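Work through the following exercises with the coordinates open beside you. Each task is followed by a solution that proceeds step by step.

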Amino acid sequence: MRPKTLQAYKRTLHTYHVGFGLREPYQILVDGDFCKEALTQKIYIKDSLPEIMQAPTKLMVTECTIHELQSKGREFTNAMIVAKRFEHRRCAHKTPVKSAACISEIIGSTNQYHYCVASQDKKLRSHLRSVPGVPLLHIKKNLVILEPMSNESKEALKRHEIEKTLPMGKEASLLKGIGRAAGIIKDEEPKEKKTKKALKKKGPNPLSVKKKKKQQTTPKEATNEKKKSEEAQNKNDTTELSQGQKRKRDEEKSTSVPEATSSATAEATVATEVTEKAENAENAGGDKKRRRRKKKKTGQEEASETNVETTAEKA
Ligand SMILES: [Zn+2]
């Protein structure tokens, strides 16, 4: 191993230690495939891993990985023998699961037990890169490689550093108190006062006023509002109508009013005609009678005159 790469590994491990609390001896969960690859590349894991980590290590294997190696057959028997020498890490699986699933479950989303993972499974490693603070190891050709820190863990570190700079709990309250005493923080108190004043202005005693006013005022207000709304609608109608529409409406009005009046007048004329006819008829009857009477009178007069004439002649 080159000294430069070793220095780089030391730096990354130091950042893991500072940022995520990884400590010596480093706990390394070893995969079955990693053991197999180490055997094929003739890498003695117990020596090489502490050399790369530059610190004492605790190599661990889950029950599920051992079970998987057993199930894979003769090719993996040597790997199983190597793995069995490592410390057994108990898992919650009564029926054994795939070693990758078991390891990812132990790591979880936070890696609260500060494990490193040595695995040849690419999927598992890509998944564990999303979890911040998990150092990953794998064998490439005849070398054990410590992966550089993933972007997720870098971002988590940045967030953590920012959080560190912010005042926490007692510090924050103390700072606020100092700020108020010095007169730097003034915004909070006047705002509260303003809000109180605004509330006072709005309603002096809403509980006592509400019920009475609602019953009395609501119908009046409702009528007023109705009137207002009607007026507004009329206004809107007049305003909204174009000149042509206005003309049409005027024409309609002019025609409609005479129609109504003409119908009334027609009825009146009919009635008058009827009465006139009746009167005429009556008058006609009267005239006839009068004429008859006149005729009679004239006859009588003539007769009387003739009588007078006759008497005068006789005399
Ligand atoms: Zn398990």
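**Exercise 1.** Determine how the axes of helix H2 and helix H5 are placed relative to each other in this predicted model.

*Solution.* Begin with the axes of H2 (residues 32-40) and H5 (residues 77-84), which come within 9 Å and cross at roughly 110°. Angles of 65 to 115 degrees count as roughly perpendicular, and H2 and H5 are therefore roughly perpendicular to each other. As to its hand, the crossing of H2 and H5 is right-handed.

**Exercise 2.** Identify which residues of H2 meet which residues of H5, and classify them by character.

*Solution.* On the H2 side the residues are Gly32, Cys35, Lys36 and Leu39, and they meet Asn78, Ala79, Val82 and Ala83 of H5. Sorted by character, the residues of this contact between H2 and H5 comprise five nonpolar, two polar and one charged.

**Exercise 3.** Check whether the length of helix H8 agrees with its number of residues, and then establish how far H8 is covered.

*Solution.* Helix H8 runs over residues 151-165, and because each residue should contribute 1.5 Å, its 15 residues should span 21 Å. The end C-alpha atoms of H8 are 21 Å apart, which agrees with that expectation. Turning to burial, H8 is hardly covered, since one of its 15 residues is counted as buried.

**Exercise 4.** Place these helices in the context of the whole protein chain.

*Solution.* The secondary structure of the protein chain consists of 12 helices and six strands. Of its 315 residues, 20% count as buried. Finally, among the contacts in the protein chain with a separation of 6 or more, 66% are between residues 24 or more positions apart.

Conventions
Residues numbered from 1 in each chain as written. Predicted model: local features only at pLDDT ≥ 70, side-chain atom pairs only at ≥ 80, totals over all residues. Helix = DSSP H or I, 4+ residues; strand = E, 2+ residues; numbered from the N terminus. Expected span 1.5 Å × (residues − 1). Buried ≥ 20, exposed ≤ 12 C-beta atoms within 10 Å, placed from the backbone. Axes fitted to C-alpha atoms, helices over the stretch in contact; angles between N-to-C directions. Parallel < 35°, antiparallel > 145°, perpendicular 65-115°, else oblique. Left-handed = near helix turned anticlockwise from the far one by under 90°. Contact = placed C-beta atoms within 7 Å. Nonpolar A, V, L, I, M, F, W, Y, C, P; charged D, E, K, R; others polar.
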